[in-house]
Amino acid sequence: MQVRGLLIGAAVLALLGGGVYWSNKSKEAESKSGPKDASPKVLALQESDIAQLDFLKKGMPPVVVKRAGEGKWTITEPKPLPADTDAVAAVTGVLANFSSETVAPAPADLSPFGLKDPLFTLKVVKKDGKQIEVEVGDNVPVTGSVFVKVAGDPRVFTVGSFNRTALDKQWSDLRDKRLLPVDSDKLSRVEISANGKSVEFGKNQAGEWQIVKPNPYRADTWGVEELVRKLKDAKLDPAAPAADLEKATKEFASDTPVATAKLTDASGTQQLEIRKSKDKEPVYYAKSSAVDGVYKVPADLATALSKPVMDYRNKKLFDFGFTDPSKLEIKVDGKTKACGKNGEKWICDNKEVKPETVSAFVDKIRDLSAKQFIDNPEKIAAPDIEITVLTAEGKKSETVRIAGNRAARGDEPAMYELDPSNVDGIRQAFSAIKEPAAGAQKK
């Protein structure tokens with residue numbers, strides 16, 4: 001061990017000498033041709049050129065990852081599995097920006113560097129069929145850097161130690177760990193069954209989530225997106241003990257059913273079934289149609305899937321959100337105003353009014369939300385308040401009618417119960433829409 005340490009020490013001195021040599025040559029070249037990158041590149045490689053990665057480690061089966069389309073990868077060895085795109089991208093990103101700290105021109109003996117017979121080699125196969133082998137050697141004493149070499153290149157480089165961690169991967173590091181590996185951009189339908197009831201969400205032509213079943217309702221987009229996020233974040237733990245997974249798989253059939261979720265994208269429908277153990281403090285497990293086995297999932301996922309459909313309904317009366325209306329048609333207790341926006345000005349009934357008073361009214365109706373929903377409602381025949389909001393230069397229209405504390409949107413069958421103070425706030429904001437005081441300067 002002492003002799004090996006001396007050999008490595010001597011090799012480091014040689015490497016540093018080579019680094020000084022390279023540095024002097026670099027400065028000489030810089031004085032002639034201008035500044036250059038201070039870190040010599042280990043590889044000249046573009047991420048888009050990489051078609052395949054072979055992770056070769058002594059004593060372990062090869063791990064092969066192949067490009068399966070734009071932004072997609074698949075593991076082909078040691079067994080076919082979908083790959084985690086982000087995990088593979090972390091590897092290809094390092095390879096495309098692989099710069100060294102120092103370089104030794106051509107050491108006569110590679111043994112002191114751990115590169116005569118390296119424990120780990122990463123083979124890169126390019127789209128044109130050409131291959132590059134990156135050999136990873138020992139750690140550099142004291143500095144914590146790592147010796148690397150490219151097959152066919154006599155030089156030895158030192159690179160930051162993080163490169164070893166980034167490149168030395170097993171199949172379990174690179175596999176797609178999602179229990180529901182759906183394409184988020186093409187997700188079109190979500191179906192949930194829990195507590196003997198079912199709810200189905202679908203997207204309308206504008207790409208907005210709507211409740212399709214048990215009845216068509218507007219959906220709380222943020223609530224549905226959070227539910228989808230929790231489902232997409234459900235992942236297997238590759239480090240979980242095999243014995244625990246075998247036990248969970250055996251006991252899953254007798255566990256208590258909690259919920260079933262189905263997600264549909266362009267490739268089809270995937271299902272996740274969740275059950276809980278009969279322990280005093282139950283553990284939640286999930287079985288996916290896309291992944292073999294049974295895996296532990298967080299309790300908050302089961303809670304989210306068990307929510308009643310009403311929790312996912314949109315309680316907002318207006319959908320225009322942060323978009324400024326272009327026109328307003330307002331009737332309050334028999335009084336009317338027709339307002340239109342002209343630049344920064346608001347014109348109501350052909351008269352310019354204080355813009356801040358209209359903005360205050362818009363804020364009131366923008367925040368108007370239901371306390372709860374009314375089942376089997378009667379239609380509002382004679383509303384006390386009726387407001388029509390036009391946005392997108394008049395291309396989109398929303399109408400809300402209010403009678404007492406009840407409200408309805410357009411021709412929707414749903415009815416909303418409002419807080420009386422919010423209705424009073426609308427009346428007050430309507431009354432406050434006024435013209436500028438006489439003699440006030442107009443901009």
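In the predicted model, Arg-366 touches Lys-316, Phe-320, Gly-321, Phe-322, Thr-323 and Asp-324, leaving aside residues up to four places away in sequence. Arg-366 belongs to helix α8 and has a relative accessible area of 13%. Because this value falls under the 20% limit, Arg-366 is classed as buried. Its side chain takes part in a polar contact of 2.9 Å with the side chain of Asp-363. The side chain of Arg-366 also forms a salt bridge with that of Asp-324, with an N to O distance of 3.6 Å. Asp-324 is located in the loop between α7 (299-305) and β18 (327-332), whereas Arg-366 is in α8 (residues 355-366), so the salt bridge ties together parts that are 42 residues apart in sequence.

Across the whole structure, 24 salt bridges are found. One of them joins the side chains of Asp-168 and Lys-57 at 3.0 Å, N to O. This pair links distant parts of the chain, 111 residues apart: Asp-168 is in the loop between α3 (162-167) and α4 (171-174), and Lys-57 is in strand β1 (residues 50-57). The two partners fall into separate accessibility classes: Asp-168, at 19% relative accessibility, counts as buried, and Lys-57, at 31%, counts as partly exposed.

A further salt bridge, at 3.8 Å from N to O, is formed by the side chains of Lys-351 and Glu-435. Since Lys-351 lies in strand β21 (residues 351-353) and Glu-435 in the segment after α9 (420-431), this pair ties together parts that are 84 residues apart in sequence. Lys-351 is partly exposed, at a relative accessible area of 46%, and Glu-435 is likewise partly exposed, at 43% relative accessibility. In addition, Arg-218, Asp-319, Glu-398, Arg-409 and Glu-412 are joined into one network by salt bridges that share partners.

Eight strands form an open sheet with antiparallel pairing, in the order β13-β12-β11-β10-β14-β15-β16-β17. The edges are occupied by β13 (217-218) and β17 (294-296); each has a single partner strand, so one side of each is left without a neighbour in the sheet. Within the sheet, β10 (residues 189-194) and β14 (residues 256-265) run antiparallel and are joined by six bridges. Arg-189 stands opposite Thr-264 of β14.

Two helices lie across strands of this sheet. Helix α5 (residues 221-232) lies across β10, β11 (197-203), β12 (209-213), β14 and β15 (268-276), and runs at about 85 degrees to β12. Helix α6 (residues 242-252) lies across β15, β16 (284-288) and β17, with an angle of about 110 degrees to β17.

The largest nonpolar core contains 67 residues, and those with the most contacts inside it are Phe-201, Leu-231, Ile-274, Leu-328 and Phe-361. Residues touched by Phe-361, not counting those up to four places away in sequence, are Leu-328, Ile-330, Ile-387, Ile-426, Ala-429, Phe-430 and Ile-433. Another core lies apart from the largest one; this core has 33 residues, including Val-103, Leu-122, Val-148 and Val-150.

Note on methods
Residues are numbered from 1 along each chain as its sequence is written. This is a predicted model: local features need pLDDT of at least 70, side-chain atom pairs count only at pLDDT 80 or more; totals for chains, interfaces and linings use all residues. Side-chain values use heavy atoms; hydrogens and water are left out. A salt bridge is a side-chain nitrogen of Lys or Arg within 4 Å of a carboxyl oxygen of Asp or Glu. Helices (H or I, at least four residues) and strands (E, at least two) are DSSP runs, numbered from the N terminus. Buried means under 20% relative accessible area, exposed over 50%, partly exposed in between (1.4 Å probe, protein chains only). Two strands pair if DSSP finds at least two bridges between them. Contact means heavy atoms within 4.5 Å. Axes are lines fitted to C-alpha atoms, for helices over the stretch in contact, and angles run from 0 to 180 degrees between N-to-C directions. A nonpolar core is a set of buried Ala, Val, Leu, Ile, Met, Phe, Trp, Tyr and Cys residues joined through side-chain atoms within 4.5 Å. A polar contact is a pair of N or O atoms within 3.5 Å; within protein, one must be able to donate a hydrogen and the other to accept it, and residues adjacent in sequence count only if both atoms are side-chain atoms.
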